[in-house]
Amino acid sequence: MKIGSFVSVVLLVASCIGGDAFSSARSSAEELAYADFDYKSYARHTGQSERAFSKKQFWTQFKSDTNLHTAPNTWFHPDQFQEFFPLEGNPTPYQVYVSFYAQGDGVRQHQDGETEEIISLTTHGDRINTAWLAIESALRQVRKAHQVILWLYEGDYKKLFHDRRHLFESAYLHPGLKALGRRGLSIRFTDTNYKVATKLLPCYEAFPNSFITTIDDDRTYDDQMTQAYHDQYALNPGCIVSAHVRAYVSFPHGGGINYLAQDVVYPEGSQPQPGPYGPCNPHYGPPIFGIFEGFSGVQYFPGALGKHVIKDFKPLFNLLTPCADDVWYQAHAILTGTKCVGLPQEIGDAIFNPKEIDGTQESGLFRRHLDANSYMADKAFWFYNLFPRLGIPFNPFVLCDACRRQVPMVGPHETFPAPKTHKGTECHMCLNNDQKTVLVLGAGGYGNIGDELYPAVIKHYLKSNFEVFCAPDTVRVSTDGHFMELNDKRDDLAFDALVVGGGGILKNLGRSALRYHIERALQRRKPVIFTSVGIQTTLKNPTPSDVRVLLGGGSSGSVALSPVRIASTSSSSSMAAELSFTHPASFIPEGELTTLDFLEQASLIFARTPMDARLLQGALAPEAASRVRYYPDLGYLAPSVLSIEPERRRKYITLIPTGSVHTGQELVRARIKALLTEHNAKLLVMNWGGPKDPALLNFDPDRDLVALAKEHFPGAKVYYGGSISSSLKDLRYRHKKVIESDLTPKKALEKIAKSYHVITGRLHGAIIPHAMGVPYTVMDFSHKLTAQQNVVSDTEHATMSLTHLAHYLERGGPALRPAPLWDDPHRNHMILRVAGLSGLPIPVIQEYDNAAIHDYLAFGIRPTQDPHMQARLGAHIPIPPHPDTWDEDMRNAMIVEVSQAQKHSAHEISRIQSLSNEALFHLMTLKDGHGGDLSGPLTHFFDHKGTSLKDSSTWKDGDRDARINDAHEMDAHLPIDFIQAMDNVTIYKFLAFGIHPLGAYS
C-alpha cells in the first residue's frame, strides 16, 4: 500500500527538524508520535540508562538512529509495520513510526439518504495487543466506512474498562487502539457472549439497516476490499459478497458436506487469471447458496441473515456450530433465501488470503477446527432442513472420520439428547468429548459360569476408555441402561460400537434380539465386532466348505444382502449336522441374511482358537477374511481380573459335568476314582451351566447331572449354580420361581484353584484350569473342545485382543478401507500416514505389505513388532529419542553418526555441526533405510534449500503454505491437495533431503 503525498511531505519536514527547534517546528504527526513515545522502553532496548537523558534527548537520538530494528515502544515494531504497510525507499524506524500517526481519518461522514457502511470485528485475550494492525488496514480502505467498530464482550473487560466515557484515556487500553481512536475507531461492548460470532451479531442487531463488512483481528486487509465489495454488490443486489465463494460439495453416498473440498465459483464474465491462491477447478456462474469465508472479509447487506440468526443463537449455536460462526451465517443465509457472490478472479485472488499477523494463530479457531466445519455444517443444515434446498442427499447417521463416534443429528422438531456424564478426550474433528459407548452382547445373565466371565473381563479392560454396557443377547437395552423386551416401545441405548461375544456364533446369531442389534448397528454404520467366538458344530473335523454351509452360505456363495435379516433356523446349533448335508436354502426365507452375511459385514472377528480362525478365513470372502484374527479366549484373563491364583494346598478333584460328560458314563467314573485315590482327595461337582433351564425348577429330573454324581459318589461336595442375573429376573422371571445360586464366577474359580485335577466337558471348564496351571482332562470330543486343545495359554496374547479392540475404536479403525481393496494411490496415502505417525522412513514402510500397514493404523501394531516382519527386514531400526530431549552428549553422538554415514561425498564436520537437532534426528531415521549411506540426503540438504529451512515444529501457517508451494515446484506431478494432506515432517524431509513422499529418491 502507498501512503499519500501528504505523508511524504510530513516525513521530509520531520526529518529536517533539529533538536534546538524541536518544540516550535514539530509537525502535527510528530507531536502525536512524540506524545506516545515510550523513552524508558527505548532506553532499555538500546542498553542505556533511562535516567541519563530526558525524553526529548532520547527522541532526538531515535530520529537519527538508522538501526531498522530499533522500536520506539514495546508495541510498535517498525519492521513488522513495514511488512503490512510498506513505505517506499529505505525508511528509518523514526519515519515508519511517524507515518503511522500521519494517516488521516479512517472513516467518512454519513450523508442524508445514504445507507450506512460499517466495518466490524472483535478480539479476545492476548489478541487485543495486535488487533490494532487489523484495524489499521480497515481505516486505510480506499472506500472509507462510516464506522469501524471493535466489539468486546462485557464479561471479559468489565473490570478493566468500567469508565466507558473516557475509554480512550484508560491506562489499560492498548496504545495502538488509543491512537486509532483519534482516526475513527469506535469500541462498543455487548452483554451477550456471542463468542466467535461477536464480530457480526451485535453489530447486526444494533445496526439492522446498515451494510456490515466483517474482518478478523489476526489479519491485515487489502485497501481495495470495501470498494470491490461495493462494486460487486451494485451488480448483484441482495447478495452477500466475499472475495471467494465456494460451492458446497458432498461426500459420496449421502455422507453430508465436505467443507474442505469446495470449488470456487466466480461471477459470470470472469476471466481465468494465474495467481498464488487460484483454485484448481474454478467454475463461473451466477450467485449461489454457498460458502463465504469470514477470514477473507465478508459484506452483509441489511437483513441478509434474517431474524433467527440472533434469536436462535443462545439455544442452538453451541449445539450446532460452537466453533464455526461462518457455518452459522451460511445456514441462516440459506434459511433466509440469501445467495452469495464472489469477486472476479483477478481481484478476488488478490484479496482472498489477507496477511496473517505473527503470533495470533495459537489462539485461533480457524486452523484448529477447520476439519470440524463439515460436521457442524451437517448438524446445522439437517436441523434447519436445508439439504433439499441445496440438492444434496444426506444420511443423518454420520460417523466422525477421526474418532468414529456418531455425530448427533437433530431435526427441527426433535429434542437434543442430554450430554453424557462420562467425558473423554475431545475429538479435533467432530468436537465430541462424550466417552464412546460400547454395547456388549453375550449369553451372560442366565447363570452359565463361562458366559458370565466375558462381561467381567471386557468391562475390566475397556471401562477406563469407554462407557460399557453388558447385556444378554436376548434382550434390548433402554436409553437408561435397563433391559427390555423386543416389543418394548422405549428407545434403544445409543452406542458407538457393538461387541458380540464370546460364544458359538452359530448358536448365538439365531437369537432375534441379537439380530435386532446387529441390524440396527449396520443400518447406522456402527462397527460390529465379534470377540472370542468359535464354530459351534457337532462335526468332528469341519472344513472351510463345511463351515460356509453351516453359516448359511451354501456351496456357491451367500444370498442377497438386503433386507437386513437372518433366519434363526440357519443359525441353530441343533440343526448343524443336518445342514452339513442339506442345502440351507430350504431353511432360509428368500431375501433374508444368513449368519455368513452378518459375519462378512462385521468390522472385526476375533476367533478364539487358531483352528476357528483358519476355518472362518477359508469360509468368508477374501475381504472379510482379512478381518479375522486369532486371539485366545477372554476366559484366560478371568483369573487375573478376579484376582484368583492357584493355591499350594489343594483338596479337590473337580467335575464340571455336561450332557456328554457325567458320572453316568463308566469312563468318567473310572477316571474320577483313579484321581481320588492318587491324590487322596475329595470330589467336588460344580454345575456351570444348568441341567436344562438353570433358572427354573421345572427341568427334567433325569437330566440333573449334579444329583446323578451325588448318587455315584455320596460323599461329593456339590454346587448347583445356575442363577440368572437380578436384572433379567426382574424383567422376565418376576412371577416365576427361580433357583438361588450357590455358585458365583469368583467362587467357581476359587474352587478350581484348590483342585488337584479338573474333569470337564465344558469349554471354560478347560480354559480356566489351563490359565491357572491346574491339570485337567477333557472328556468331550466336539469341535470347540478339540480346537481348544491346540491353544497355548498366553495371557498377554489374550489381553491384546481387548487392547487392540480399544485402539481400533479410538484410532478410527472401522473407517479404514480393508487392505485387500487398496489401490496404489490409496496405499501411498496410507504409507504417508504411517510415516507421519511412526517416524519410520518411507522406503522402509514400502517394504511392508498392506496388512501390516493397516494393522499399524488400525491397532497401533508397529510393523517391526511382528516377528515375521523382523525376520524379513532385519533388526529394528534404531531411532534416537526425540530431539527436544537431547543433551549435548546425545547431539555430539548424532553428529558423529551422521558424519560417518557418507560413502560417496565428504562434508566437513563443521557443516554437520551446523545442522539443527531436527535435521540430525531425521537423518538418523533415514540412515538404515538408505543402507547406512547418508551421502545423497546430505548433498541434497546443502545443495538445495535445506540450510534455509526452519525446523518443521516451528512452522506457522504462512510457513507451511510456502513450503507446500516449494514442494509443488520440486515435483509438479504432486497435486497441491495431495501435498496439503501431508504432515510437516514429510514435507520437511522432501525439501531438505530429497526423500520423496512416495519413496523415490530425488
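This briefing describes selected features of the structure above, covering confidence, strand pairing, aromatic pairs and backbone geometry.

The structure is a predicted model, and its chain averages a pLDDT of 80, with 82% of the residues scoring at least 70. Its strands include an open sheet of 5 strands with parallel pairing, and a search of the whole structure finds 48 aromatic pairs.

**Confidence along the chain**

- While 82% of the residues score at least 70 in pLDDT, the stretch of residues 555-591 has a pLDDT below 50, and in the model this stretch has 80 contacts beyond near neighbours in sequence.
- Residues 866-879 also have a pLDDT under 50, and for this stretch the model has 22 contacts beyond four places in sequence.

**Strands and sheets**

- The strands of the open sheet follow the order S26-S25-S24-S27-S28, and their pairing is parallel.
- Strand S26 (717-719) and strand S28 (776-778) stand at the edges of this sheet, and because each has a single partner strand, one side of each is left without a neighbour in the sheet.
- On average, and with direction ignored, neighbouring strands of this sheet are turned by 15 degrees against each other.
- Within the sheet order, S24 is followed by S27; strand S24 (residues 652-656) and strand S27 (residues 755-760) run parallel and are joined by 5 bridges, with Ile-653 standing opposite His-757 in S27.
- Another parallel pair consists of strand S16 (residues 437-442) and strand S17 (residues 467-472), which are joined by 6 bridges, and here Thr-437 stands opposite Glu-467 in S17.
- Between S16 and S17 the chain passes through helix H20 (residues 449-462), and the resulting β-α-β crossover is right-handed.

**Aromatic pairs**

- Among the 48 aromatic pairs found in the whole structure is the one formed by Phe-81 and Trp-132, which is stacked, with 6.1 Å from centre to centre and 10 degrees between the planes.
- Because Phe-81 lies in helix H6 (residues 78-84) and Trp-132 in helix H8 (residues 131-139), this pair ties together parts of the chain that are 51 residues apart in sequence, and both Phe-81 and Trp-132 are buried.
- Tyr-233 and Phe-301 form a pair that counts as tilted because their planes are at 35 degrees, and their ring centres are 5.9 Å apart.
- This second pair links distant parts of the chain, 68 residues apart, since Tyr-233 belongs to helix H12 (residues 225-235) and Phe-301 to the loop between strand S11 (298-300) and helix H13 (308-311).
- Tyr-233 counts as buried because its relative accessibility is 17%, and Phe-301 likewise counts as buried, with a relative accessibility of 12%.

**Backbone geometry**

- Most residues other than glycine have a negative phi, and most peptide bonds are trans.
- The peptide bond from Gly-501 to Gly-502 is cis, with omega near -5 degrees, and Gly-502 lies in strand S20 (residues 497-504).
- Lys-195, which is not a glycine, has a positive phi of about 55 degrees, and its place is in the loop between strand S3 (185-190) and helix H11 (201-206).
- Because its relative accessibility is 40%, Lys-195 counts as partly exposed.
- Asn-385, also a residue other than glycine, has a positive phi near 55 degrees, and Asn-385 is found in the loop between helix H18 (373-383) and helix H19 (387-390).

Key. Residues are numbered from 1 along each chain as its sequence is written. This is a predicted model: local features need pLDDT of at least 70, side-chain atom pairs count only at pLDDT 80 or more; totals for chains, interfaces and linings use all residues. Side-chain values use heavy atoms; hydrogens and water are left out. Helices (H or I, at least four residues) and strands (E, at least two) are DSSP runs, numbered from the N terminus. Buried means under 20% relative accessible area, exposed over 50%, partly exposed in between (1.4 Å probe, protein chains only). pLDDT is the predictor's confidence in each residue, from 0 to 100. Contact means heavy atoms within 4.5 Å. Two strands pair if DSSP finds at least two bridges between them. Axes are lines fitted to C-alpha atoms, for helices over the stretch in contact, and angles run from 0 to 180 degrees between N-to-C directions. A crossover is right-handed if, with the strands pointing away from the viewer, the path from the first strand over the helix to the second runs clockwise. Rings of Phe, Tyr and Trp (its six-membered ring) pair if their centres lie within 6.5 Å; planes under 30 degrees apart count as stacked, over 60 as edge-to-face and the rest as tilted.
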